[in-house]
Amino acid sequence: VFQAPTGTRDFYPAELNRLRYVQDAWRRTSVNHGFEEIDGPTFEHLDLYTVKSGEGIVSELFSFERFGGEKTFALRPEFTPTLARMYASKAASLPKPTKWFWMQNCYRAERPQRGRLREFCQWNCDIVGLPPFDANDPEGEARAKALVDRELLSCVIDMLRSIGLTHADVRVKFNSRELVTGRLRAIGVGEDREAKVLALIDASAKLEKAELRQRLEAAGVSAEAWDRLMAVPAVQDGVAVLEHGLDRLVGMLVDEMPDEDCDWLQYDPGIVRGLAYYTGMVFEVHEASGAERAIAGGGRYDKLIEMFGGPPTPAVGFGMGDVVLSLVLADKGKMPADAEVARKLGLNPDAIVVSNGSAEADGAVAGVVASLRRAGLHARRSSKKIGKAMQDAAKVGARFCVILEGADKATVKDMGTQGQEMCGVAELVGRVARQ
Ligand code: HAM
């Protein structure tokens, strides 16, 4: 027998329904927040990723050659480069800001482990461009960015909330690349060593103490400098902050943010993001105990659009994978049972149609099922005995069980109220139709 390749998944119906349940929440939240869906190719020219994704992702590309090695392609490890390419080539005709969402599979040749696969589904929301702001106000642009950042954060928080999570379950940990760069310069790390130290900060939470110490030494960062990099000022309860930069970042971000959203936020100096293109606010969504890998990650990437040939356009976005989110939902008992998932997706039958066993009723089943289906209803026929058919109806969450009592009479049992009544076969469609 063949097995699925390492790090990929087969989705049998119940599993696919659980993925669809998550995707439904993603889609509903995106639409409610004013994002429009886009898509691009599953593979791109390899260069698209080597230019600006950062080493981590490039070393995990599934790449392949065609046309005698003339062209090299790679399966998409993420969507942001495609989005930047798409925006850049139509920038002049797109609204400001442009709000796009995307949800499809990504491919990374990682070592599979809990929360990490080689094929996974990712949901992205991105806001490209800024709303108009007062160019005479020295803080106008920064304010416009903070407003858009808030809009993006409220979208990710709303999605988590809508699927039943609370800020006791998960946290939105944020930081700023500008602030980190400032701190790096303050401890003497110049542009040449910046990428290396950023990668180290990004990996630090997953490293053993001894290994971290060793890697810091190799990168020329003293223990004292590391403490300064990772200092957490008491911003949450309004106590003095360490730097003016942080004060401004936090102030602009959380001013005007509803308390319900603020409660999910937590400043974390260890969040810098592994990808090379981030320039400003960065964030990750983590399970509260910190046990799992990130549920989502994103941030501001103000230089990427112009790097892909578009006009200078600030942008911000995030990606959320289905793998860790599903683990967290299951662990916290927030993934509904199979029948409930099917019901929420509208996949439960409107009616199970069964015969009472008489020859007339047996002969009417096919016609009744066909007429229900022609009326746009989800009808299934059961060849079992009434009792068993009723059990099946309950199990799959059917709304009604229709027992044919002859060629033109039926008992309609409401599986919700458990009430039942007789009706003519001609009235069945009207009885079963969703209001
Ligand atoms: P990322 O942090 O590489 O960001 O991925 C975002 C999320 O995708 C992760 O938090 C995780 O949930 C999921 N993910 C990533 N790799 C895997 C994997 N191997 N297996 C399972 N899940 C995974 C980006 O991809 C950015 N392009 C996000 C972004 C959009 N930034 C701006 N716009």
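Here is a short chat about the ligand site and a pocket in this predicted model.

Reader: What should I know about the model and its numbering?
Author: It's predicted, so to speak: local features need pLDDT of at least 70, side-chain atom pairs count only at pLDDT 80 or more, and totals for chains, interfaces and linings use all residues. Residues are numbered from 1 along each chain as its sequence is written, and side-chain values use heavy atoms, with hydrogens and water left out.

Reader: What makes a residue one of the 26 that surround the ligand?
Author: One of its heavy atoms has to lie within 4 Å of the ligand. Glu78, Thr80, Glu110, Arg273 and Tyr278 are the closest.

Reader: Why is the pair between Glu110 and a nitrogen atom of the ligand called a polar contact?
Author: The term takes a pair of N or O atoms within 3.5 Å. A side-chain N or O atom of Glu110 is 2.7 Å from that nitrogen, so the pair qualifies.

Reader: What about the backbone of Ala294 and Ala296?
Author: A backbone N or O atom sits 3.1 Å from a ligand oxygen for Ala294, and 3.4 Å from one for Ala296. The protein covers 97% of the 660 Å² of accessible area (Shrake-Rupley, 1.4 Å probe) that the ligand has on its own.

Reader: How do the residues of the shell around the ligand divide?
Author: Into 11 nonpolar, 9 polar and 6 charged; Gly counts as polar, and Asp, Glu, Lys and Arg as charged.

Reader: Which residues lie nearest the centre of the second largest pocket?
Author: Ala142, Lys145, Glu178, Leu249 and Gly280, out of 20 lining residues.

Note on methods: Polar contact = N/O pair within 3.5 Å; in protein donor to acceptor, adjacent residues only side chain to side chain. 1 Å grid on protein atoms, 1.4 Å probe; cavity = no way out; pocket = protein on both sides within 12 Å on 5 of 7 lines; lining within 4 Å.
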